[in-house]
Amino acid sequence: MKLKGLYIVATAALLALVTAGCDKNPGEKTPQDKGTEAASPTEIPEATATPEPTATSAPTATPVAENYMEANGIKVLGAGRYDYQGLSIVGWDAAGNYVIESAVCEAIFTVTEEENGDGTKTICATLHSIPVVNKKKGWSTATMGGFVDLKSGKAFFPSSDKMEQFALLKQGEKSYELRITFEYEKPSLTYPYYTEKYTVVCPADYEDAGFYLTGSPDNESYAERAGNWKLLNYIRHGESDLLVFGVNEGLATGTETEPVETPALEEAGDGEHYFDKHGLTARGEGKHTYFGTVSTGTINPETKTYKVASMEFKKTEVEFSLSEEFPGDGTKIMTATFCYTPEHSSEGALIMPYSISGVVDKRTGALYSPRAYSLAEPHTVNGENGVFSLTVATETRDTMEEDGKIRVVYVVGCPEAYEDIAFYWTGYDRTMYLDTPTWSVDSIVRLKKGDSELLFFE
């Protein structure tokens, strides 16, 4: 507002100006006692502009999270292999409960989706948990998974396996009818993972399907989810990370047809057939005498473990047998058994072969020695006819059986046409190793056997 003419000092007028929003200019003084003077000023005072009101920026709206995962800072993952902080069972306490510890775990997620042509679609998702192997050749899985709606964060785990269960999912005003089936497969001599498989039949326009995987700190945390919708943040998983996988994300990143591990070493023979190049041959079934390592020791009656007192190189004996099974899916299961009979010395000590053994690829010279007992270990092999999957497992019995013998068993899963598998057996000087070897793949040229003879069987 511009001021024109004489200053007005009437109180009512000032109040009117203030009410109208006219501010005084900075530094301008209000005239005092000038209202009684009638003389006009010799010049009209220069009009002074009142500063425009300072514009106030409108507050920036906080972005509203589109779904539960964004609101809780949970990254939705696609298909593939992932490392995460998980849980491992390391033993049992005096009451028989699991003793759980944190461990770096591995998981694999794969997913497929197919339209059914009736307004629904079928989602097939697989969560593989790779067992944690400890230094004592033991292993464990302490994981749990389930279905989760990515938008609402509502999770569901069927109360029974291999049984289709209906579940009604509410997303605000929308409702979706889901049919969910769950089944699992445990690790074994022929299978290397704990696997949870989910089949979800849902409306074709439903786009928020996901799955979660985390650690299971106790049996109750696993069981309390069954048959109920439960918000993801209320699923107890101790110190374990919570992995969330999205179906759409998984389809975008692709899937693996068969999860396998790449060995540290595949070839030892300059691209030539190793056995042919070095003139190596394999023996057949039966008893075989060889020059190897023999130990003398005692068995602790409490721990049932064998303690070595002395070792020497001398002639000893081992028996070998082999069987094959054909499941009908293009693969075969080979079971090789090494067997020996301990002798008793006059002092009551046990005298027996002190050996190492495993599986060998005759073409490459690669040795496969599983890190854990009763657990298949997967490998990728570059064969003459392409890449294929190979599993190797061992079942060692450290105590004598009823017939007085000790047996070491190897189980190999491979394609029917694969003919380069053999089994090796040798003795070695224990002083050459600080501990029992923990490698799973190595070269035959690096095998430390001392003066022992190296035997091959097939």
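Thr391 is buried in this predicted model, with a relative accessible area of 12%. Because the limit for burial is under 20%, that value of 12% places Thr391 among the buried residues. The residue lies in strand β23, which covers residues 386–396. Its surroundings draw on separate parts of the chain: setting aside residues up to four places away in sequence, Thr391 touches Thr190, Ala376, Glu377, Pro378, Val411, Val412 and Gly413. Pro192 offers a nice illustration of how sequence and space can part ways here, since 199 residues separate Thr391 from Pro192 in sequence, while their C-alpha atoms are 7.8 Å apart.

A second threonine, Thr214, makes a good companion to this one. Thr214 belongs to strand β12 (residues 209–215) and is buried, with a relative accessible area of 0%. A polar atom of the Thr214 side chain lies 2.8 Å from the backbone oxygen of Asp241. Asp241 also appears in the list of residues in contact with Thr214, neighbours within four places in sequence being left aside; that list consists of Ala142, Thr143, Met144, His237, Ser240, Asp241 and Leu242.

The strand that carries Thr214 leads to the wider sheet architecture. Strand β12 takes part in an open sheet of six strands, in the order β1-β14-β12-β7-β8-β13 and with mixed pairing. At its edges stand β1 (76–77) and β13 (229–231), each of which pairs on one side only. Strand β8 (residues 154–156) is joined to the edge strand β13 by three bridges in the antiparallel sense. Within this pair, Phe156 has Trp229 of β13 as its bridge partner.

Another open sheet of six strands follows the order β2-β3-β4-β11-β10-β9, and its pairing is antiparallel. Here the edge strands are β2 (80–92) and β9 (165–171), again with pairing on one side only for each. On average, neighbouring strands of this sheet are turned by 30° against each other, direction ignored. Edge strand β9 pairs with β10 (residues 174–185) over seven antiparallel bridges, and Leu168 stands opposite Glu177 of β10. As a general reminder, the strands of a sheet pair through backbone hydrogen bonds, in either a parallel or an antiparallel arrangement.

Further along the chain, strand β15 (residues 286–299) has two antiparallel partners worth visiting. It is joined to strand β16 (residues 306–325) by 14 bridges, with Tyr290 opposite Thr316 of β16. Four bridges connect β15 to strand β19 (residues 350–353); in that pair, the bridge partner of Ser295 is Met352 of β19.

Met352 is also a member of a nonpolar core. The largest such core holds 42 residues, and within it Phe147, Phe211 and Leu232 touch the most other members. Strand β3 (residues 98–115) gives the most to this core, contributing five residues. A second, separate core has 28 residues, including Met352, Val381, Ile406 and Phe423.

Two loop residues stand out for their backbone geometry. Lys162, in the loop between β8 and β9, has a phi near 60°, a positive value in a residue other than glycine. Ser374, placed in the loop between β21 (366–368) and β22 (377–383), likewise has a phi near 60° and is not a glycine. In general, most residues other than glycine have a negative phi. The two residues also bear different accessibility labels: Lys162 is exposed, with a relative accessible area of 62%, whereas Ser374 is partly exposed, at 32%. Since exposed means over 50%, the value of 62% puts Lys162 in that class.

Taken as a whole, the protein chain contains five helices and 27 strands. Of its 458 residues, 40% are buried. Among contacts between residues at least 6 apart in sequence, 65% join residues at least 24 apart. The chain exposes about 25,800 Å², and carbon and sulfur atoms supply 50% of that area.

Note on methods. Residues numbered from 1 in each chain as written. Predicted model: local features only at pLDDT ≥ 70, side-chain atom pairs only at ≥ 80, totals over all residues. Heavy atoms only, no water. Pairing = 2+ DSSP bridges. Axes fitted to C-alpha atoms, helices over the stretch in contact; angles between N-to-C directions. Core = buried A, V, L, I, M, F, W, Y, C linked by side-chain atoms within 4.5 Å. Buried < 20%, exposed > 50% of the residue type's maximum accessible area, 1.4 Å probe, protein only. Polar contact = N/O pair within 3.5 Å; in protein donor to acceptor, adjacent residues only side chain to side chain. Contact = heavy atoms within 4.5 Å. Areas by Shrake-Rupley, 256 points an atom, 1.4 Å probe, with all protein chains shown as cover.
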